[in-house]
Amino acid sequence: MLVAVATVLSVGSCCCAGTGARDVRRPVKGEGNRMAEDRRPDPAPERIEGAPADRLKERIYATITMIAVVVGLSVSEAGTTGALATVLTTALGLWLAAFVADQQAHRTVHRHLATGQDLRRMLYVSSPLLSCAVGPAVTIALAALDVLSLSAALMTAAGVGIASLFAWGCAGGLRMGGGVLLAVLAGLADAVIGVAVALVKAAAGH
């Protein structure tokens, strides 16, 4: 009888040991999902929450600034070379100022410079500060080719900037669901800002 009891205890111990071994080898629930998420690539900058809105904000700011620059150039004695240099250096200066400020803020808050996804978002948001020079540069190039006068080229660039402000205002009004009338009013409000900047700059005469 003692032999039988010992045999039962031995079998039970083996079963418990086997069960314990199987439990050790069992993967932790959710571990595979976490590993899959770690391997998932970072989203594109335009898909990051808030990035498109910040980019549009920079585009509007750059457009208003460039309107002031080209109107000021139109009432100055600058030639095509000087006007082109002013437009390009203004855009570069705007972008560098924004980029350095963003990096400084990121370093202050997070104790390191922006890299990876943060850096890509930063470049995506600030890129309109550079691209705002494309339109004026094209019209100035046309003036250099004697297609139109420099003054007309600069005022054309200002008009395009004001029209773009109107378009963005309309788009914003439509996305808010206010209807066509409110969208047009929002576009006109943005365009009025551009016109006011142009008039002030022209009145200043420089």
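# A predicted nine-helix model in questions and answers

Q: What is the mean pLDDT of the protein?
A: This is a predicted model, in which local features need pLDDT of at least 70, side-chain atom pairs count only at pLDDT 80 or more, and totals for chains, interfaces and linings use all residues. Residues are numbered from 1 along each chain as its sequence is written, and side-chain values use heavy atoms, with hydrogens and water left out. The predictor's confidence in each residue is given as pLDDT, from 0 to 100. In the protein, 77% of the residues reach 70 or more, and the mean pLDDT is 81.

Q: Which helix has the lowest confidence in the protein?
A: Over residues 1-24, pLDDT stays under 50, and the model has zero contacts beyond four places in sequence for them; a contact means heavy atoms within 4.5 Å. Where pLDDT is low, the predicted coordinates should not be read in detail. Confidence is highest in H7, at 94, and lowest, at a mean of 45, in helix H1 (residues 2-25).

Q: How many helices and how many strands does the secondary structure hold?
A: Helices (H or I, at least four residues) and strands (E, at least two) are DSSP runs, numbered from the N terminus. From that end on, the elements run α-α-α-α-α-α-α-α-α. The count is thus zero strands and nine helices.

Q: How are H4 and H7 directed, roughly parallel or roughly antiparallel?
A: Two packed helices are described by the angle between their axes and the distance between the axes. Axes are lines fitted to C-alpha atoms, for helices over the stretch in contact, and angles run from 0 to 180 degrees between N-to-C directions; under 35 degrees counts as roughly parallel, over 145 as roughly antiparallel, 65 to 115 as roughly perpendicular and the rest as oblique. H4 and helix H7 (residues 134-144) pack at about 170 degrees, with axes 10 Å apart. The two helices are therefore roughly antiparallel.

Q: Which residues of H7 meet H4?
A: The H4 side of this contact consists of Thr80, Ala83, Leu84 and Val87. By class, the contact has eight nonpolar residues, one polar and no charged, where Ala, Val, Leu, Ile, Met, Phe, Trp, Tyr, Cys and Pro count as nonpolar, Asp, Glu, Lys and Arg as charged, and the others, Gly among them, as polar. From H7 come Pro136, Ala137, Ile140, Ala143 and Ala144.

Q: How far apart are the axes of H8 and H9?
A: Among the residues that make this contact are Phe166 and Trp168 of H8 and Val184 and Asp190 of H9. The contact has 13 nonpolar, five polar and one charged residues. Helix H8 (residues 150-175) and helix H9 (residues 179-204) pack at an angle of about 150 degrees, and their axes are apart by 7 Å.

Q: Is glutamine 103 buried or exposed?
A: Glutamine 103 lies in helix H4 (residues 80-110). Not counting residues up to four places away in sequence, glutamine 103 touches Leu113, Ala114, Leu119 and Met122. Buried means under 20% relative accessible area, exposed over 50%, and partly exposed in between (1.4 Å probe, protein chains only). Because its relative accessibility is 11%, glutamine 103 counts as buried.

Q: What is the relative accessible area of threonine 63?
A: Threonine 63 is found in helix H3. Leaving aside neighbours within four places in sequence, threonine 63 is in contact with Gly161, Ser164, Leu165 and Trp168. Threonine 63 is buried, and its relative accessible area is 9%.
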